[in-house]
Amino acid sequence: VTPHKAGDVIEVEYYRGSDKHTVSMTLSGRQPPDVPWTVEELAERMRQQYAELDSELDAVLDGVTEAQASQKPAPEEWCAKEVLAHLIWTERWMQHAAYGIVGGDDNVAWPDNNPLHIVPILAAFTTVNELAATLKHLEAGSVEMVKSIPEALLANKGSYLRAGQILLNLAPHSRLHFQQMKEAIAAAR
């Protein structure tokens with residue numbers, strides 16, 4: 001633990017080549033994450049976020065055919081169905097990560113985007129509608145999971161905040177992939 005706090009000015013020495021330099025730096029404060037302090041509020045915020053994302057997903061998939069959803073824009077790029085399978089996998093990972101944090105394992109690493117992670121999902125859910133419905137079912141499950149987080153976890157604020165950040169920060173990831181699906185569908189049309 002350092003004796004410094006936000007607003008303190010400290011001297012930092014560094015080398016550029018063999019030349020020693022010294023600069024003054026003002027330490028900034030760290031903003032607490034925007035995570036509600038009750039599991040009910042967290043679950044409601046997630047439900048609202050998922051409702052927005054599901055509406056956006058429905059718009060992306062409106063009128064898309066199975067052939068269009070299955071066509072890769074390029075050999076190394078994902079088709080819309082593969083992107084949906086990735087989002088399903090991500091939702092499952094997020095549940096696993098939150099479960100681990102609640103259970104005391106705060107070290108659930110994000111693995112790389114290995115293409116094998118989508119293979120079993122595409123084998124189990126073969127249509128674009130099945131994939132979209134499965135994602136929405138998993139989202140509903142995530143909300144219910146949060147409602148079941150024991151109140152005792154709130155005492156460990158660091159773990160609760162970490163779980164809350166994971167649970168609330170998937171929207172940018174999803175939207176990035178929605179754009180990827182739009183581009184894949186446009187290329188297929």
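**Phe178, the core and the overall form**

Visitor: Is Phe178 buried or exposed in this predicted model?
Guide: Buried means under 20% relative accessible area, exposed over 50% and partly exposed in between (1.4 Å probe, protein chains only). Phe178 has a relative accessible area of 5%, so this residue is buried.

Visitor: What do the residue numbers and values rest on?
Guide: Numbering starts from 1 along each chain as its sequence is written, and side-chain values use heavy atoms, without hydrogens and water. This is a predicted model, in which local features need pLDDT of at least 70 and side-chain atom pairs pLDDT 80 or more, while totals for chains, interfaces and linings use all residues.

Visitor: Which residues does Phe178 contact, leaving aside neighbours within four places in sequence?
Guide: Phe178 sits in helix H7 (helices are DSSP runs of H or I, at least four residues, and strands of E, at least two, numbered from the N terminus). Val60 is 118 residues away in sequence, yet its C-alpha lies 6.9 Å from that of Phe178. With contact taken as heavy atoms within 4.5 Å, the partners of Phe178 are Leu53, Glu56, Leu57, Val60 and Leu87.

Visitor: Which helix gives the most residues to the largest nonpolar core?
Guide: That core, a set of buried Ala, Val, Leu, Ile, Met, Phe, Trp, Tyr and Cys joined through side-chain atoms within 4.5 Å, has 48 residues, and Leu42, Met46, Leu57, Leu61, Leu84 and Met181 have the most contacts inside it. Helices H1 (39-61), H3 (80-102), H5 (128-147), H6 (157-168) and H7 (171-188) each supply at least two of its residues. With 12 residues, the top contributor is H3.

Visitor: Which residues does Met46 touch, not counting those up to four places away in sequence?
Guide: Met46 is among the residues with the most contacts inside the core. Its partners are Ser142, Val143, Val146, Leu167 and Leu168.

Visitor: What is the radius of gyration of the protein?
Guide: The protein has 7 helices and 2 strands, in the order β-β-α-α-α-α-α-α-α. For 189 residues the globule rule (2.2 Å times the number of residues to the power 0.38, with the radius taken over C-alpha atoms) gives 16 Å. The protein is more spread out than a compact globule, because its radius of gyration is well over that figure, at 21 Å.

Visitor: How far apart are the C-alpha atoms of Gly158 and Gly17?
Guide: Gly158 lies in helix H6 and counts as partly exposed, at 45% relative accessibility. Gly17 is 141 residues away along the chain, and the C-alpha separation is 40 Å.
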